[in-house]
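Please look at the sequence and the structure together, and keep both in view while you read. The paragraphs below are meant to be followed slowly, with the residues found one by one.

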Amino acid sequence: ADDAEFLRRASLDLTGRIPTAARAGAFLADTRPDRRARLIDELLTSPEHAQHSARTWARLITAEEPAQRPALEKWLATRFAANASWGETVSH
């Protein structure tokens, strides 16, 4: 994939959103050889990643109990933001 497609795919996969025009411009102007790895690190540590992961998992876990979803989503977002392991998260 070229850089523009990589940015779009990584952003959608990790945050659930396409990048802003400003973010795309900055990424495409970056000439450092490790720009893709830096982007992934940035996306994985962003609040948007924690929220997106929490939404995804909360929907899967509470498919039959949607009323419980908001509280679970909030709790999961804090676990993802804290970079807690999945083993720690499911054992709480």
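What follows is a walk through parts of this structure, beginning with a helix and moving on to rings, charges and a loop.

Before starting, please keep in mind that this is a predicted model. A good place to begin is helix 4, which runs over residues 47-61. Helix 4 has 15 residues, and the distance from its first C-alpha to its last is 21 Å, which is close to the 21 Å expected at 1.5 Å a residue. Which residues of helix 4 are buried? They are His49, Ala50, His52, Ser53, Ala54 and Ala58, and these buried residues pack against three other helices, namely helix 1 (3-15), helix 3 (35-44) and helix 5 (69-81).

Helix 4 also takes part in a feature of the surface. A nonpolar patch is formed there by Trp57, Leu60, Ile61, Trp86 and Val90, and together these residues have about 510 Å² of accessible area. Two elements, helix 4 (47-61) and helix 6 (86-91), each give two or more residues to this patch, and helix 4 provides the largest share, with three residues. Val90, for its part, is found in helix 6, and because its relative accessibility is 53%, while exposed means over 50%, Val90 counts as exposed.

From the patch it is a short step to the aromatic rings. A pair of aromatic rings is described by the distance of the centres and the angle of the planes. How many aromatic pairs does the structure hold? There are two aromatic pairs. One of them joins Trp57 and Trp86, whose ring centres are 4.8 Å apart and whose planes meet at 40°, so this pair is tilted. Since Trp57 lies in helix 4 and Trp86 in helix 6, the pair ties together parts that are 29 residues apart in sequence. Trp57 has a relative accessibility of 36% and therefore counts as partly exposed, and Trp86, at 38%, counts as partly exposed as well. Phe80 and Trp86 also form an aromatic pair, and this one is stacked, with 6.3 Å from centre to centre and 10° between the planes. Taken together, the ring pairs link Trp57, Phe80 and Trp86 into a cluster.

The next topic is charge. Side chains of opposite charge can pair when their charged atoms come close. How many salt bridges does the count come to? The count comes to seven salt bridges, and a few of them are worth finding in the picture. One of them brings together the side chains of Asp3 and Arg36, at 3.0 Å from N to O. This pair links distant parts of the chain, with Asp3 in helix 1 and Arg36 in helix 3, 33 residues apart. The two partners can be compared by their accessibility: Asp3, at 19% relative accessibility, counts as buried, whereas Arg36, at 28%, counts as partly exposed.

A further salt bridge is formed by the side chains of Asp30 and Arg32, at 2.9 Å from N to O. Here Asp30 is buried, because its relative accessible area is 16%, while Arg32, with a relative accessible area of 38%, is partly exposed. Arg79 and Glu88 form another salt bridge, in which the closest N and O atoms are 3.9 Å apart. Of these partners, Arg79 counts as buried at 16% relative accessibility, and Glu88 is partly exposed with a relative accessible area of 42%. Some salt bridges share partners, and in this way Asp3, Arg35 and Arg36 are joined into one network.

Two more residues complete the walk. Asp13 has its place in helix 1 and is exposed, with a relative accessible area of 59%. Asp13 and Leu39 are 26 residues apart in sequence, and in space their C-alpha atoms are 12 Å apart.

The last stop is Asn83, in the loop between helix 5 and helix 6. Most residues other than glycine have a negative phi. Asn83, however, has a positive phi of about 60° although it is not a glycine. Is Asn83 buried or exposed? With a relative accessible area of 69%, Asn83 is exposed.

Methods
Residues are numbered from 1 along each chain as its sequence is written. This is a predicted model: local features need pLDDT of at least 70, side-chain atom pairs count only at pLDDT 80 or more; totals for chains, interfaces and linings use all residues. Side-chain values use heavy atoms; hydrogens and water are left out. Patches are made of residues with over 30% relative accessible area and no salt bridge: like charges are joined within 9 Å, nonpolar side chains (Val, Leu, Ile, Met, Phe, Trp, Tyr) within 5 Å. Accessible areas come from the Shrake-Rupley method with a 1.4 Å probe; for residues, only the protein chains shown count as cover. A salt bridge is a side-chain nitrogen of Lys or Arg within 4 Å of a carboxyl oxygen of Asp or Glu. Helices (H or I, at least four residues) and strands (E, at least two) are DSSP runs, numbered from the N terminus. Buried means under 20% relative accessible area, exposed over 50%, partly exposed in between (1.4 Å probe, protein chains only). The expected span of a helix is 1.5 Å times one less than its number of residues. Contact means heavy atoms within 4.5 Å. Rings of Phe, Tyr and Trp (its six-membered ring) pair if their centres lie within 6.5 Å; planes under 30 degrees apart count as stacked, over 60 as edge-to-face and the rest as tilted.
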